[in-house]
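Me: I should like to understand how the descriptive terms applied to a protein model are justified. Please take me through them one at a time.

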Amino acid sequence: MDAVVLRPYIPSQRILKALVLADTLDAAGIAAADAESMNGREWRMLAEAAQSRIPSERTRELVINFLRRRETVRLHLKSQ
């Protein structure tokens, strides 16, 4: 019988990069709506600030989703 090997969950590089970028935007007080309207130059500046490479469109979408989720949680916590 083969042994069962449990492997810990390892997030993808895309998710890790998106979290770092979302953390950087969040720390700067930039909301999801503002991040949504960022242009290529602004994403490049963000990547430099986060010491990362310029994010792809898919990674940008993740960043914005992470920011939206944080905003939703904050609103929920504030209303309690």
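The following exchange sets values from this predicted model against the definitions behind the terms.

Me: Why are helices α1 and α4 called oblique to each other?

Reply: The axes of α1 (residues 13-27) and α4 (residues 57-78) cross at roughly 55 degrees. Angles under 35 degrees count as roughly parallel, and those from 65 to 115 as roughly perpendicular. The crossing angle belongs to neither range, nor is it over 145 degrees, the range for roughly antiparallel, and α1 and α4 are therefore oblique. Their axes come within 8 Å, and the crossing is right-handed.

Me: Which residues make the contact between α1 and α4?

Reply: On α1 they include I15, A18, L19, D23 and D26, and on α4 they include L62, F66, R70 and R74. By type, the residues of this contact divide into 10 nonpolar, 1 polar and 7 charged.

Me: What makes the pair R70 and D23 a salt bridge?

Reply: The closest N and O atoms of R70 and D23 are 2.5 Å apart. The definition asks for a side-chain nitrogen of Lys or Arg within 4 Å of a carboxyl oxygen of Asp or Glu, so the pair qualifies. In general, side chains of opposite charge can pair when their charged atoms come close.

Me: Why does the pair D26 and R74 count as a salt bridge, and where do its two residues lie?

Reply: The N to O distance is 2.6 Å, and the limit is 4 Å, so this pair also meets the definition. D26 lies in helix α1 and R74 in helix α4, 48 residues apart, so the bridge links distant parts of the chain. Furthermore, D23, D26, R70 and R74 are linked in a network of salt bridges.

Me: Why is D26 called partly exposed?

Reply: Its relative accessibility is 21%. Buried means under 20% and exposed means over 50%, so D26 falls in between and is termed partly exposed. R74, with 44%, is partly exposed by the same test.

Me: How do you know that E36 and R68 form a salt bridge?

Reply: Their closest N and O atoms are 2.7 Å apart, and a distance within 4 Å is required, so the definition is satisfied. E36 is in helix α2 and R68 in helix α4, 32 residues apart.

Me: What makes E36 and R68 partly exposed?

Reply: E36 has a relative accessibility of 47%, and R68 has 35%. Both values lie between 20% and 50%, so both residues are partly exposed.

How values were computed. Residues are numbered from 1 along each chain as its sequence is written. This is a predicted model: local features need pLDDT of at least 70, side-chain atom pairs count only at pLDDT 80 or more; totals for chains, interfaces and linings use all residues. Side-chain values use heavy atoms; hydrogens and water are left out. Axes are lines fitted to C-alpha atoms, for helices over the stretch in contact, and angles run from 0 to 180 degrees between N-to-C directions. Helices (H or I, at least four residues) and strands (E, at least two) are DSSP runs, numbered from the N terminus. A crossing is left-handed if the near helix is turned anticlockwise from the far one by less than a right angle, and right-handed if clockwise. Contact means heavy atoms within 4.5 Å. Ala, Val, Leu, Ile, Met, Phe, Trp, Tyr, Cys and Pro count as nonpolar, Asp, Glu, Lys and Arg as charged, and the others, Gly among them, as polar. Buried means under 20% relative accessible area, exposed over 50%, partly exposed in between (1.4 Å probe, protein chains only).
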